[in-house]
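Trainee: I'm new to this one and would like to know what the labels people use really rest on. Can we go through a few?

Mentor: Happy to, let's have a look.

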Amino acid sequence: MSNIAIVGSISMDLVMQTNRIPQEGETVVGDSFSMVPGGKGANQAVAIGRLSNKSDQITMLGAVGKDSFGPLLQANLTANHVCTQHVGTLPAPSGVAQITLYQSDNRIIYYPGANGLVDPNQWRDEWQVITAAELVVLQNEIPHHANLQIAHFCQKHQIPVLYNPAPARETDLEMLDLVTYFTPNQHECQELFPDKNLSEALLTYPEKLIVTLGSKGLTYASKNQVQHIPAIKAQAIDTTGAGDTFNGALGYAIAQGLELTQALRFATLAAHLSVQKFGAQGGMPSLEEMKEHPAYEKAWHFE
């Protein structure tokens, strides 16, 4: 049994697919449009929920707006085995991400809405959820002060934290010494450590700093050596949510007791499967789908 708490954003993704990006002042006709639940926090919660079994406790903490999106976003989490008892409804719009898909890549404009109002100073029962968790998962689409307060609490109570500093912000380094796992992508890592090359940064924070490299996989340092786990080759249909799938699967594998290298390999397979379907959450695999893939390792011992 795993008990994981995810604190983060819950948003609606408005997705437009196009074969041409408009120039300034230009209007082009899109190929398709869809409205799908998203938000980095909710995405990572769904990724974990899809992998979980009935004995696991997966809890989302965050906020939606008092609008038509709010109930839809909560219902989606529930449908993916995520407890929403501690998702608040605030007098503000729900978070929205405007996503443009172009040539199998994405461009995103994010409006936080209710996510920007998440405030642990207003919590009561939520701290009990955090205290009971084996792992807490954080990202950057809620206020930095909220993440910082949660990370301090977890450090004080010896609760492991997986922190995905995305989208990157200047204050991210304030979290580094408070969390257990720190998972930027390569561009975010360069912004955070401008005076270090990638290897130097990894060796400074062994088995904590894990840098994703997109189609090249990921890298981290272990036993004073830089390690590389390659991505599994795939014809990507939609890369939206691949990073969230990776972080969610990594968190689940760690909570299930896998050592770090095996957990990273498990998360790499989950991310590989995720890009082969449409939508941030659409491709997130179940454990059964993971087990059907030739790269699934029987040594992982998931039930």
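Trainee: What makes up the lining of the largest pocket, by class?

Mentor: Keep in mind that this is a predicted model. The lining has 19 nonpolar and 19 polar residues, plus 10 charged ones. The space inside is about 1,500 Å³.

Trainee: Which residues lie nearest the centre of that pocket?

Mentor: Out of 48 lining residues, those are Asn-185, Gly-214, Thr-239, Ala-242 and Gly-243. Several elements supply at least two lining residues each, among them α1 (40-51), β6 (95-102) and α8 (242-255).

Trainee: Why is Ser-2 called buried?

Mentor: The cut-off for buried is under 20% relative accessible area. Ser-2 has 0%, so it counts as buried. You'll find Ser-2 in the segment before β1. Beyond its neighbours within four places in sequence, Ser-2 is in contact with Asp-56, Gln-57, Glu-134, Tyr-252, Ala-255 and Gln-256.

Trainee: And why is Lys-223 called exposed?

Mentor: Exposed needs over 50%. Lys-223 has a relative accessible area of 75%, so the word fits. His-81 is at 53%, so it is exposed by that cut-off too.

Trainee: What is unusual about phi in His-81?

Mentor: Here's the background: most residues other than glycine have a negative phi. His-81 isn't a glycine, yet its phi is positive, about 70 degrees. It sits in the loop between α2 (69-79) and β5 (83-90). Lys-223 is another non-glycine with a positive phi, about 55 degrees, in the loop between β12 (218-222) and β13 (225-229).

Trainee: Which kind of peptide bond joins Ala-166 and Pro-167, cis or trans?

Mentor: That one is cis, with omega about -10 degrees. Pro-167 belongs to the loop between β9 and α5 (173-176).

Trainee: How do you know that β1 and β8 pair?

Mentor: Pairing takes at least two bridges. Strand β1 (residues 3-7) and β8 are joined by four, so they pair, and they run parallel. One example is Ile-6, whose bridge partner in β8 is Val-137. β8 also has three bridges to β9 (residues 161-163), again parallel, and Val-136 has Val-161 as its partner in β9. From β8 the chain crosses through helix α4 (residues 144-156) to β9, a right-handed β-α-β crossover.

Trainee: What makes you say that both faces of β8 are covered?

Mentor: In a regular strand, side chains alternate between the two faces of the sheet. On one side of β8 are Leu-135 and Val-137, on the other Val-136 and Leu-138, and all of these are buried.

Technical notes: Residues are numbered from 1 along each chain as its sequence is written. This is a predicted model: local features need pLDDT of at least 70, side-chain atom pairs count only at pLDDT 80 or more; totals for chains, interfaces and linings use all residues. Side-chain values use heavy atoms; hydrogens and water are left out. On a 1 Å grid over the protein atoms alone, a cavity is a set of points where a 1.4 Å probe fits but cannot get out, and a pocket is an open set with protein on both sides within 12 Å along at least five of seven lines; lining residues have an atom within 4 Å of a point. Grid points are joined across faces, edges and corners, and a volume is the space filled by probe spheres set on the points. Ala, Val, Leu, Ile, Met, Phe, Trp, Tyr, Cys and Pro count as nonpolar, Asp, Glu, Lys and Arg as charged, and the others, Gly among them, as polar. Buried means under 20% relative accessible area, exposed over 50%, partly exposed in between (1.4 Å probe, protein chains only). A crossover is right-handed if, with the strands pointing away from the viewer, the path from the first strand over the helix to the second runs clockwise. Contact means heavy atoms within 4.5 Å.
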